Each structure stands twice: as structure tokens, then as C-alpha cells.
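Trainee: Could you walk me through a structure and show me how to read its helices and sheets?

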Amino acid sequence: MIARCATVLFLLTTAGFTQESARLDQIVQSYVADNHFIGTVLVAKGDQVILSKGYGSANLEWDIPNAPSTKFRLGSITKQFTAASILLLEERGKLKVEDPVKKYIADAPPAWDKITIYNLLTHTSGIPNFTSFPDYAATEGLPSPAEKTVARFRDKPLDFEPGSKYSYSNSGYVLLGYLVEKVSGESYEKFLQENIFTPLGMKDSGYDSNSEVIPRRASGYSSGANGKLINAGFVNMTIPGGAGGLYSTIEDLLKWERGLFGGKVLSATSLQKLTTPFKDDYAFGLVVRTEQGRKQIWHNGAIEGFNTSMAYYPDTGVIVAVLANVNGPAPDAMLPKLAAAAHGDAVKLTTERKEITVAPGILGKYVGVYTMAPGVNMLITLADGQLVSQMTGQGKVPLFAESETLFFPKVVDAEIEFQKGDNGIPATQLTLHQGGRDMVAKRLDDTDAKKVLDAAAANDKRIKDQTPAAGSEDAVRRMIEELRTGKPNYDLLSPGLANATRQQLPGLQSMITGLGALQSVNFKGVGPAGADIYLLKFEKGSLEYRISLGPDGITQGAQVRPAQ
């Protein structure tokens with residue numbers, strides 16, 4: 001009787017996992033259409049693997065399908081392996097995370113005197129991010145081992161006082177990989193192979209190489225014209241180092257997650273250090289936060305041709321890993337849905353949503369301007385019986401009704417829910433549900449809303465006519481000169497832009513001064529979101545500068561990048 005009951009229970013459990021697997025596969029398939037996702041996905045719960053499957057092609061030219069054993073570049077998921085390596089060295093008495101970096105790098109510049117290994121691990125060192133340097137795109141095809149890469153940023157001014165702020169920096173993790181080599185006396189690749197990969201049985205993981213023949217390695221792609229996939233750009237794999245140079249499979253990453261959180265890699269004390277966040281939820285190579293009401297230990301990655309996302313939920317033992325060999329947002333968008341389904345939560349896909357018709361009188365109550373953050377608003381307008389949303393600095397997105405209060409776009413995985421006012425008055429707020437997060441935006445009063453709407457109308461006209469905003473060229477010239485002297489007028493910048501400029505000022509000043517005198521400023525056009533685009537020519541190079549001015553002349557947004 002006992003044996004028979006156990007058999008029935010086993011059958012019921014197996015059926016349950018089969019249903020879960022089918023639902024998880026449906027979620028992934030919703031992203032596969034039009035090549036938005038090609039790659040592999042793994043979802044496990046405790047000792048059970050619920051889904052482990054490949055989607056699309058590992059190589060489009062030969063039509064070789066992806067499989068769980070296909071190898072992918074990990075991008076910044078590499079960082080957690082680098083952090084674990086540092087902690088292994090600490091356990092062996094080779095270093096302490098509280099040690100100053102200069103203890104191990106004799107020629108460290110004076111600016112690094114206060115920088116500790118802990119600062120590097122938590123992105124609080126202030127060392128500027130070398131992948132954001134204007135010349136990075138022009139140099140990423142050239143060999144640059146760790147020592148050479150470190151030389152690129154060692155003499156740059158710090159972006160801020162060490163430990164005072166968080167700012168994601170690949171420079172810090174390249175430096176950590178370099179420290180692993182100097183302290184251990186072995187190459188970064190050999191140290192990981194001997195101390196992590198081999199002990200955990202991760203036979204399909206290693207440091208990627210442009211020249212080595214690596215069996216079952218996926219080719220990387222990006223989206224070209226009209227969404228057609230093209231071969232991704234080249235990056236010399238000597239560059240990313242401890243910041244993003246590894247490859248692996250979903251099967252090996254499962255071994256890593258189970259080994260790491262099962263106590264097979266680090267001591268309990270070291271694991272606690274690895275997963276304790278310092279600033280902005282960032283711990284050591286991992287983001288530790290609460291998502292969908294559950295503790296999540298997560299990181300993602302992006303490198304030419306590949307995007308990745310992986311999470312572990314310690315309270316339930318759920319593991320989700322998504323590896324894509326096409327650049328795009330699918331892994332990060334997919335992961336919270338897969339995690340929700342694995343936890344038994346209801347997940348509704350865009351294709352499963354039922355559109356309904358809502359009376360214009362009700363839709364009109366939602367029209368207005370809602371403030372998401374200082375200087376960031378969401379405009380809700382009504383056009384031909386349909387609500388349209390537009391975030392500051394972004395294009396217009398049609399919304400479709402699922403109920404009288406809940407709407408969804410079809411171009412991005414999100415929901416917008418309106419809170420109806422009493423007695424027919426306009427909605428007082430909306431909530432944006434996206435990526436497992438709920439962001440509440442309050443409605444602006446009519447006076448402030450009119451200013452924003454008038455500016456939006458003027459913006460639409462400029463986009464249509466391709467004419468620059470009044471004063472935008474003068475603002476660009478002024479900003480370049482202020483960055484050169486290191487004295488921006490923060491009163492002329494939005495709060496968000498002012499804060500970002502303060503953090504990045506040393507690096508921006510160094511970049512502008514290094515280019516020499518400004519020779520010309522040429523208007524190129526207006527971007528789809530309304531930013532004026534200028535080509536700036538200097539003595540020693542060129543930059544593309546995008547600027548968005550508010551109706552009051554305040555610079556709401558600015559972006560600079562190497563000219564194409």
C-alpha cells in the first residue's frame with residue numbers, strides 16, 4: 001500500500017513538472033519569434049531541472065541548433081567568478097579584501113592610495129570605466145592583456161572619492177583579474193580552471209579565445225537593418241579579462257550555482273561576503289535584491305554577439321540561466337517571467353492578452369502627464385481612440401486595453417495600470433509594471449502638465465521638420481568648454497544629469513582635454529526621441545553629442561560617444 005501511494009505521488013509530481021516545463025517553454029517561445037532570442041535556457045528547482053533546452057541556431061550559416069551543451073560567452077557574469085577567486089585567495093592568506101590595491105601593484109598611481117580591493121569588488125573605487133572611453137570602439141579589435149588594459153586607465157583621474165559612490169566599472173574587474181594573476185603567480189585562466197572549473201566538474205567552461213578552436217561554441221549575432229541578424233562585431237578576447245572573458249554552458253552554470261551556494265567553493269564566511277551588498281544592491285560581482293517579493297542573487301552580461309542573465313533564489317532554491325547568442329534585451333526580460341512561473345506565479349504573455357475596447361470618455365480620464373522621477377515624465381495622450389505613452393527622451397508607444405484600468409504595449413514587456421479618480425475625476429496616478437518591479441507615477445497638476453505638453457508638441461514639430469531646438473548649439477559649445485575647465489554650471493542641468501555629470505566629471509574632463517581644441521560643431525539632425533545630434537570635430541578626434549533641452553533652456557539629457 002505504501003509502495004503504491006508512493007508511485008501515485010511520483011506520477012503526480014512528474015506530471016506537475018511536465019506542465020511546468022511546457023509553460024516555461026511557452027514563455028521562451030514568445031521571445032523566439034523574429035529572432036529576438038536564440039540561445040539556451042535552464043530552470044531548476046532544488047534537485048530538479050525543469051527546463052534545459054536550446055532555441056534557434058548556434059551557427060546560422062550552417063543551421064546548427066543550440067543545445068544545452070552549447071558554449072556561450074558570458075560577458076559580465078564572469079565577474080562573480082573573479083570575485084570568488086579573490087575570496088579564495090583571501091581564505092589562503094594571500095590577501096585581504098580590505099587591503100589597498102597599491103600593496104600588490106607597486107607602480108599604482110597616488111590617486112589609488114585609498115582604493116581597496118573591496119572598492120574594486122563593489123564598483124566603488126572611482127576608477128573610470130575604460131569601455132566608456134571615446135577610443136574604446138577603435139581599439140577593441142587589438143590585443144590588450146590585463147597589464148596593458150590597466151595602463152589605459154591607471155593615470156586617469158578618479159570619477160569620485162573611493163567608497164563614496166557606486167559606479168559600474170569594467171576597469172575594476174580587469175584590475176581584479178590582474179590581481180588574481182599577480183597574487184597567485186598563475187594566469188587568470190589557469191587559476192579558475194584549477195580552483196573552480198575542475199573541482200566542480202565544469203568541463204565546458206573556460207576563458208574565451210579568438211584563435212583557439214573550441215568545440216560547440218556558438219557564433220554571436222546582432223540585429224542589422226530591418227531586424228535581420230548579422231555577424232556581431234569583433235572584440236579581441238584578451239581585453240575583457242576578469243570583467244567578461246569567460247564562456248560556459250547552462251549545464252555548467254547549474255553546477256556553479258549549486259556548488260557555490262552549496263558550500264563547495266567558498267567557506268560560509270566568504271560566501272556571506274560575496275553576497276552582502278554595499279551600495280545600490282551590489283555585492284561582490286553579484287546584485288542582491290528583492291524581486292517579485294523574493295530575495296534574488298543575480299547578474300547579467302553583454303559582449304559582442306551575446307547577452308546573458310542568471311539568478312539564484314536562496315529561499316526556494318530556484319535557478320534560472322538564460323544565454324543568448326544574439327545581442328538584445330530578451331534574457332533580462334525573460335528571466336523574471338521564468339522565475340515567476342517556476343515559483344508557481346501566474347504569468348501572462350503579450351500574445352495571451354485579450355484586447356478590449358474602452359469608451360473614449362474613460363480613456364480621456366487617463367490623459368495627462370505623470371512624473372516618474374525628477375525630470376522624467378510619462379505623457380499619456382489619446383489619438384484615434386487609443387492611448388499613447390511617451391517617456392521623457394523616448395519615442396511614442398501605443399497602449400492596448402486589457403481592462404478599463406490596465407493597458408499594455410506590444411513593443412515591450414510591460415503593463416501600465418491607472419488609478420481611477422473618484423466621481424469621474426481624472427486618474428491621480430499610474431503604476432508601471434515592468435521587469436518584476438512596480439513604479440508609481442503621480443499625475444502633475446494642470447499648470448505643470450501644460451508646460452510639458454507644450455514642450456512635447458514643439459518637440460514633435462522639430463522631429464518632423466528636422467530643426468534644432470533654439471539654443472541647443474550654444475548649449476553644446478558651453479558644455480564642452482565647461483567640461484574642459486572642469487566647472488559645469490549645474491544650475492543649467494536637470495537634477496539627474498547634474499548628478500551624473502558630477503560623478504563622471506574627472507573622466508569627461510580628461511576625455512575633452514585629450515581631444516584638443518574644438519574646431520567645429522555641425523548639426524546632423526533630430527533623433528526619434530527629440531534629441532539634437534551634433535558632430536563635434538576636435539584637433540585629435542571627433543565626437544557625436546546628443547542634447548535634449550527643456551522649454552526653460554535647462555539641459556534635460558546629454559550623451560556623448562565616438563563619432564561613427
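Mentor: Happy to; we will go from the whole chain to its sheets, hairpins and helix contacts. Keep in mind that this is a predicted model.

Trainee: Let's begin with the whole chain. How many helices and strands does the chain have?

Mentor: There are 15 helices and 26 strands in the chain. The radius of gyration is 25 Å and the globule rule gives 24 Å for 564 residues, so the chain is as compact as a globular protein of that length. Along the principal axes, the C-alpha trace spans about 70 × 70 × 45 Å.

Trainee: Now the sheets. What should I look for?

Mentor: The general idea is that strands of a sheet pair through backbone hydrogen bonds, either parallel or antiparallel. Here, take the open sheet of six strands, whose order is β2-β1-β13-β12-β11-β10 and whose pairing is antiparallel.

Trainee: Which strands stand at the edges of that sheet?

Mentor: The edges are β2 (48-55) and β10 (287-291). Each of the two has a single partner strand, so one side of each is left without a neighbour in the sheet. Ignoring direction, neighbouring strands of this sheet are turned by 15° against each other on average.

Trainee: Can you show me one pair from this sheet in detail?

Mentor: Look at β1 (residues 39-45) and β2, which run antiparallel and are joined by seven bridges. To find your place on screen, start from L42, whose bridge partner in β2 is S52. Then look for helix α11 (residues 330-342), which packs on the sheet and touches β1, β11 (294-303), β12 (306-313) and β13 (318-324). The direction of α11 makes about 25° with that of β12.

Trainee: What is the strand order in the open sheet of three strands?

Mentor: That order is β5-β9-β6, with antiparallel pairing. β5 (72-73) and β6 (206-207) are the edge strands; each has a single partner strand, so one side of each lacks a neighbour in the sheet. Two bridges connect β5 with β9 (residues 246-248) in the antiparallel sense, and F72 has S248 of β9 as its bridge partner.

Trainee: I would like to read a hairpin next. How many residues lie between the strands in the hairpin of β21 and β22?

Mentor: Two residues lie between those strands, and G435 takes a positive phi near 60° in this hairpin. Strand β21 (residues 429-434) and β22 run antiparallel with six bridges joining them; as a landmark, L430 stands opposite A441 in β22. Strand β22 (residues 437-443) also pairs with β14 (residues 368-373), in the antiparallel sense and over two bridges. In that pairing, Y370 stands opposite R443 in β22.

Trainee: And which residue in the turn between β23 and β24 has a positive phi?

Mentor: That is G530, with a positive phi of about 100°; this hairpin has five residues between its strands. β23 (residues 518-526) and β24 (residues 532-538) are antiparallel, with seven bridges between them. N522 has L535 in β24 as its bridge partner.

Trainee: Great, on to the helices. How do I describe two that pack together?

Mentor: Two packed helices are described by the angle between their axes and the distance between the axes. Try helix α2 (residues 78-91) with helix α9 (residues 250-261): they pack at an angle of about 40°, and their axes are 13 Å apart. That angle makes α2 oblique to α9. Their crossing is left-handed. Q80, F81 and A84 of α2 make the contact with L253, W256 and E257 of α9. By type, the contact residues are four nonpolar, one polar and one charged.

Trainee: At what angle do the axes of α2 and α7 cross?

Mentor: They cross at roughly 80°, and the axes of α2 and α7 (residues 188-200) come within 11 Å. That makes α2 roughly perpendicular to α7. T78, F81, T82, A84, S85, L88 and L89 in α2 meet Y188, F191, L192, N195, I196 and F197 in α7. These divide into nine nonpolar, four polar and no charged residues.

Trainee: May I have one last pair for practice?

Mentor: Take helix α5 (residues 146-153) and helix α6 (residues 170-184), whose axes come within 9 Å and cross at roughly 140°. The two helices are therefore oblique to each other, and the crossing is left-handed. A146, E147, T149, V150 and F153 of α5 meet S171, V174, L175, Y178 and E181 of α6. Six of the contact residues are nonpolar, two are polar and two are charged.

Note on methods:
Residues are numbered from 1 along each chain as its sequence is written. This is a predicted model: local features need pLDDT of at least 70, side-chain atom pairs count only at pLDDT 80 or more; totals for chains, interfaces and linings use all residues. Side-chain values use heavy atoms; hydrogens and water are left out. Two strands pair if DSSP finds at least two bridges between them. Helices (H or I, at least four residues) and strands (E, at least two) are DSSP runs, numbered from the N terminus. Axes are lines fitted to C-alpha atoms, for helices over the stretch in contact, and angles run from 0 to 180 degrees between N-to-C directions. Angles under 35 degrees count as roughly parallel, over 145 as roughly antiparallel, 65 to 115 as roughly perpendicular and the rest as oblique. A crossing is left-handed if the near helix is turned anticlockwise from the far one by less than a right angle, and right-handed if clockwise. Contact means heavy atoms within 4.5 Å. Ala, Val, Leu, Ile, Met, Phe, Trp, Tyr, Cys and Pro count as nonpolar, Asp, Glu, Lys and Arg as charged, and the others, Gly among them, as polar. The radius of gyration is taken over C-alpha atoms; the globule rule is 2.2 Å times the number of residues to the power 0.38.
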